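Visitor: I am new to this structure and should be grateful for a close look at its salt bridges. Please explain them one by one, and then describe the surroundings in which they are found.

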Amino acid sequence: MNITMSALAPTQVYHLLTQTIVPRPVAWVLTDSGNDSFNLAPFSYFTAISSQPPLLMFSVGNKPDGMIKDTVRNVLETGKMVIHIASVDLAEQVTVTSATLPHGKSEVAMADLALVEMEGFELPRVEACTIAFGCKLFEVKEIGDAPQRLVFAEIEQVYIDPKIIKNREDRLQIDAMAIDPLCRLGGSEYAVLDKTFSVARPK
């Protein structure tokens, strides 16, 4: 079956891509909405794109009513965000925080999540996550006919739970199975990381 992308509506393209580019990591992004309220939302158009500077990128569409999403609004106002890697046991809470809420209403409270101080960074982190990246805004780039924004985040601080770190002398090694990362598929489907294996690269 061959599909011509230009013949598809944007929603059809979205469903095709999210079911074929799998699994995808989930960026669980915390931003400051002001008045002691924090926004928390998941995005699965997400990846690391650069080591120098250390950049992450996630893509954000608009709200159903066409308004800019709170994550982008907040990060444009404050310049800061914390991007978490959620584990499988947080799937329900991650999904709950994908709801569209009025600006200033916190998904953190709605999902009954605890926040803790992130050492060396202005914003707190979700206590239940084993990995959190404290980031400053690098750039927001608007693309496409229907506004879609690419948020480029420069990592300033990283929290890693010691229980997912393997002992190794020459470099830090993270145990992927201990992270137990939530893997995004299409529709309402998620997947788990079942096993890892190694293949030696050519010299």
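Guide: A salt bridge is counted here when a side-chain nitrogen of Lys or Arg is within 4 Å of a carboxyl oxygen of Asp or Glu. The model under discussion is a predicted one. Side chains of opposite charge can pair when their charged atoms come close. By this rule, E142 and R149 form a salt bridge, because their closest N and O atoms are 3.4 Å apart, which is within the limit of 4 Å. R149 is buried, with a relative accessibility of 14%. In total, the count comes to five salt bridges.

A second pair is formed by R73 and E77, whose closest N and O atoms are 3.7 Å apart. Both residues belong to helix α2, where they are four residues apart, so that about one helical turn separates them. Their surroundings may be described by accessibility. R73 is partly exposed, with a relative accessible area of 34%, whereas E77 is exposed, at 56%.

A third pair consists of E156 and K80, with the closest N and O atoms 2.7 Å apart. E156 lies in strand β9 (residues 148-160) and K80 in strand β5 (residues 80-85), so this salt bridge ties together parts that are 76 residues apart in sequence. E156 counts as partly exposed, at 38% relative accessibility, while K80 is buried, with a relative accessible area of 16%. Through salt bridges that share partners, K80 and E156 are joined with E122 into one network.

The sheet comes next. The strands β5 and β9 belong to an open sheet of seven strands, in the order β2-β1-β5-β8-β9-β4-β3, with antiparallel pairing. The edges are taken by β2 (37-43) and β3 (46-51); each has a single partner strand, so one side of each is left without a neighbour in the sheet. From one strand to the next, the twist averages 35 degrees. At one of these edges, β3 runs antiparallel to strand β4 (residues 54-60), and five bridges join the two. For S50, the bridge partner in β4 is L55.

Helix α2, which holds R73 and E77, packs on this sheet, touching β1 (27-34), β2, β4, β5, β8 (131-143) and β9. The direction of α2 makes about 60 degrees with that of β1. The helix comprises residues 70-78 and includes D70. D70 is buried, with a relative accessible area of 6%. Neighbours within four places in sequence aside, the contacts of D70 are T31, N39, K63, L101, P102, H103 and G104.

Strand β5, which contains K80, also contains V82. V82 counts as buried, at 0% relative accessibility. Leaving out residues up to four places away in sequence, V82 touches several others, among them W28, V29 and L30, M118 and F121, and A132, F133 and G134. V82 and E156, the partner of K80 in the salt bridge described above, are 74 residues apart in sequence and 9.9 Å apart in space, C-alpha to C-alpha.

To draw the description together, the pair R73 and E77 is found within helix α2, while the pair E156 and K80 links strand β9 with strand β5.

Methods: Residues are numbered from 1 along each chain as its sequence is written. This is a predicted model: local features need pLDDT of at least 70, side-chain atom pairs count only at pLDDT 80 or more; totals for chains, interfaces and linings use all residues. Side-chain values use heavy atoms; hydrogens and water are left out. Buried means under 20% relative accessible area, exposed over 50%, partly exposed in between (1.4 Å probe, protein chains only). Contact means heavy atoms within 4.5 Å. Two strands pair if DSSP finds at least two bridges between them. Axes are lines fitted to C-alpha atoms, for helices over the stretch in contact, and angles run from 0 to 180 degrees between N-to-C directions.
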